[in-house]
Amino acid sequence: MIVDTGPVRNAPSLWRVRLGLAGRSLKQNWSLFLRTRIGILGLVIICFYMLLALAHPILMNTVWDERIYDPVIGFAFDETQQPAPPSLAHPLGTDPLGRDILSQLMFSARSEFLLGLLAAVVTVCIGTMVGATAAYFGGLIDMLLMRLADIMIMMPGISILIVLSALIEVGHLELALLIGILSGFGGTGVVLKSQALSVVVKPYIEAARTSGGGTLHIILVHVVPNLLPLSFLYMMFTVTSAIFSEAVLSFLGLLDVRMSWGLMIHTTESAGYLLQVGEYWWLIFPASLSITLLCSSFYLLGRSLDEVVNPRLRRT
Amino acid sequence: MAAYIVKRVLQIVLTLFVFLTIVFFLVNAQPGDISRLYSLDPNLPPETRAQMQELFGVNEPLWKQYLVHLKNTLTGDLGVSFSLYPRTVADVIKERLPRTLVLFLTATVVSFYLGFGLGKIIAWRRGGWVEYTSTLGGVTLYTVFTPWFGLMMIWLFAFKAGWFPIGKFLDPVVWQDAPSDANTVFNLMLATAVVLSVITFTVFLVTSKKRLGMARALQAGIIAVSVLIVAGVWLSSGVGYLAWDIVKHMVLPIATLTLISFAGTMLLTRNSMLEVIREDYVLAARAKGLPEKAVRDRHVARNALLPVVTSFVFSLAFAIDGGVIIESIFSWPGMGQTLVAATVSEDLPLAVGTFVFVGLFVLLAHLAADILYAYLDPRVRY
């Protein structure tokens with residue numbers, strides 16, 4: 001069988017062209033991103049906490065004795081009084097229950113990342129689908145989804161989570177799902193819908209429809225990929241709100257989690273060290289600063305991605 | 001305009017209905033009913049439990065319970081609080097709602113002006129160190145771990161410096177033989193604040209068409225005079241020292257809430273300004289030879305205001321959440337602190353009642369912001 005593959009063989013194959021284009025736009029966007037500076041700062045802080053999270057299991061398996069350094073059930077037998085000030089063995093001291101603060105900090109960093117990532121993925125999946133469907137179908141579906149979004153936007157998230165924690169057991173997984181639903185059907189969905197509105201009127205959607213593309217096919221293959229840059233941007237903001245909500249709820253003692261930065265401050269508070277900021281700084285600052293730094297670095301990253309994605313904010 | 005308001009009010013009523021439904025089914029989604037709260041008590045015979053179930057109406061079919069719940073909520077009957085036992089939920093809320101309103105409204109208005117003013121300035125000087133420091137500072141304040149920030153404020157200004165009291169609503173020593181109770185004084189203060197803000201708003205509205213310098217002078221003058229008159233009335237009323245005590249307790253929470261929420265407005269104003277600056281009419285205004293300040297405030301900022309007001313609606317929920325946290329940190333006995341305390345002590349009627357009111361409050365604030373937006377933007381007529 002003779003198949004004429006001549007021109008294809010001479011020309012670079014399709015995926016290579018696509019890869020090249022993607023590479024070029026990535027390069028362009030990266031240089032735009034570099035110019036925002038604040039984004040780099042955010043990225044550096046995030047990398048730092050990622051390293052901390054990754055280093056914890058390694059340290060636990062090599063240098064740190066499990067009985068002393070376990071973040072939840074460890075006890076610093078080598079200190080005479082708890083909470084012990086920072087020393088060589090415990091660089092950030094120990095908490096009122098004799099547990100190593102640095103170990104707790106590093107252990108919690110991992111769950112914060114997982115929580116943020118999960119909440120962001122749930123948000124973006126729901127938000128993208130809501131935005132794409134609402135924009136594609138319009139009419140009744142659009143109205144229903146947008147009215148639902150109105151309610152979601154209006155609801156104060158922390159207050160809802162506080163009430164919910166009275167009704168059901170809320171752990172990290174439930175929290176991530178709740179935040180994902182709240183913001184996916186709420187603000188993120190609305191923003192992605194407004195973007196999707198400009199996508200569904202493009203000629204290639206019409207072309208796909210006339211060539212017999214199904215509804216689901218058009219939404220998934222033609223609409224959703226065009227929403228991805230913006231959804232990626234909103235992932236960053238969701239991570240910020242997820243970490244923040246987790247910290248506040250576990251600070252109030254309403255979450256069912258083993259260890260987290262918010263819980264570390266809760267321990268400090270319930271042991272009565274909260275206003276002795278000067279004498280027992282290591283009980284308050286490491287966890288609080290970590291929450292603040294990680295939240296703001298994801299926010300900074302989101303903002304500088306916004307300047308990359310949104311051409312109107314670029315410098316002339 | 002009137003048709004628009006009516007339409008919005010109808011929508012809000014519908015949303016309230018949906019909201020109440022969600023709350024009801026959330027509460028009922030958990031296993032068991034309210035008599036289970038006493039199920040740990042071994043002395044409770046089955047007959048008593050059945051009687052209790054009948055009393056609370058939990059053995060009725062769900063739809064009937066739902067209708068009763070709707071009727072009770074709409075008539076203001078929210079049940080009896082468990083933790084503050086003989087008091088009804090409505091009574092507790094009636095006492096605490098004004099306290100939250102003052103905290104929230106003051107902080108929102110101040111942070112809006114502060115954020116808008118600063119945003120204007122940093123957008124105008126793009127690229128300098130001013131922009132970087134204010135963006136960084138703004139983002140840090142916006143995403144700061146609020147309980148810690150509140151704590152630092154208490155520690156610095158109340159604990160170390162001793163300028164303000166540490167948390168709470170009033171100082172019992174001052175109030176020992178006060179001629180009137182705290183709620184009366186506080187409601188009077190609330191009324192004063194409302195009068196003052198109406199005056200301020202009217203002044204801004206009337207002077208907005210005047211020339212820039214004159215408008216500024218008029219605004220400052222009239223506001224200063226009215227503040228002086230109000231201060232004089234309070235000083236001569238005999239309960240002025242009591243009001244002053246409450247004011248002293250209010251300063252720190254309001255300052256904290258303002259600091260955490262102004263940055264959102266500031267960053268958004270900056271972005272919105274950057275988009276408007278490129279318009280042709282800004283170039284035209286400059287070409288006319290108008291002073292920079294007039295171009296900035298009258299031509300760019302006026303038009304940059306619209307998206308900021310829109311997002312202001314979105315940020316209401318943020319401010320309320322901030323308020324909930326700030327209130328529990330400062331032991332300010334408002335709705336937020338009540339919500340947290342009721343949840344921690346598993347006082348379900350109070351928690352749900354407070355939550356319903358917080359939701360209602362957000363809905364009303366939303367409506368107000370929508371109407372304001374329709375007024376500001378003549379293009380909005382839907």
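Start by selecting helix 12 of chain B, residues 335-344: 7 of its 10 residues are buried, so this helix is largely enclosed by the rest of the structure. Keep in mind as you go that you're looking at a predicted model.

**Stop 1: inside helix 12**

Which residues of helix 12 of chain B are the buried ones? Color B:Met335, B:Gly336, B:Thr338, B:Leu339, B:Val340, B:Ala342 and B:Thr343 to see them. Now step past the end of the helix to B:Glu346, which follows it and has a positive phi, near 55 degrees.

**Stop 2: B:Leu26**

Next, jump to helix 1 of chain B (residues 2-28) and pick out B:Leu26, which lies in it. Is B:Leu26 buried, partly exposed or exposed? Its relative accessibility is 31%, and because buried means under 20% and exposed means over 50%, B:Leu26 counts as partly exposed.

Show what surrounds B:Leu26. Leaving aside neighbours within four places in sequence, B:Leu26 is in contact with A:Leu164 and A:Leu167, so you've just crossed into the other chain. Before moving on, try a distance label from B:Leu26 to B:Val352: these two are 326 residues apart along the chain, yet their C-alpha atoms are separated by 9.9 Å.

**Stop 3: where the chains meet**

Now show both chains and highlight where they touch. Here 52 residues of chain A are in contact with 50 residues of chain B. The area buried between the two chains is about 4700 Å², and carbon and sulfur atoms give 75% of that. Select A:Met154, A:Leu167 and A:Leu275 next: they supply 15% of the area that chain A buries against chain B, more than any other three residues. You've already met A:Leu167, as a contact of B:Leu26.

What about polar links? Across this interface there are 5 residue pairs in polar contact, and 0 salt bridges are found.

Which helix of chain A gives the most residues to the side that touches chain B? Select helix 13 of chain A, which gives 13 residues. By class, that side of chain A has 33 nonpolar, 11 polar and 8 charged residues.

**Last stop: color by confidence**

Finally, color chain B by pLDDT. Its mean is 82, and 95% of its residues reach 70 or more. Compare two elements of chain B: helix 2 (residues 46-56) has the lowest mean pLDDT, 77, while helix 10 (residues 280-287) has the highest, 90. For the complex, the predictor gives an ipTM of 0.82 and a pTM of 0.84.

Conventions. Residues are numbered from 1 along each chain as its sequence is written. Chains are lettered from A and ligands numbered from 1 in the order in which they are written. This is a predicted model: local features need pLDDT of at least 70, side-chain atom pairs count only at pLDDT 80 or more; totals for chains, interfaces and linings use all residues. Side-chain values use heavy atoms; hydrogens and water are left out. Helices (H or I, at least four residues) and strands (E, at least two) are DSSP runs, numbered from the N terminus. Buried means under 20% relative accessible area, exposed over 50%, partly exposed in between (1.4 Å probe, protein chains only). Contact means heavy atoms within 4.5 Å. Buried area is the accessible area (1.4 Å probe) that two parts lose on being put together, summed over both. A salt bridge is a side-chain nitrogen of Lys or Arg within 4 Å of a carboxyl oxygen of Asp or Glu. A polar contact is a pair of N or O atoms within 3.5 Å; within protein, one must be able to donate a hydrogen and the other to accept it, and residues adjacent in sequence count only if both atoms are side-chain atoms. Ala, Val, Leu, Ile, Met, Phe, Trp, Tyr, Cys and Pro count as nonpolar, Asp, Glu, Lys and Arg as charged, and the others, Gly among them, as polar. pLDDT is the predictor's confidence in each residue, from 0 to 100.
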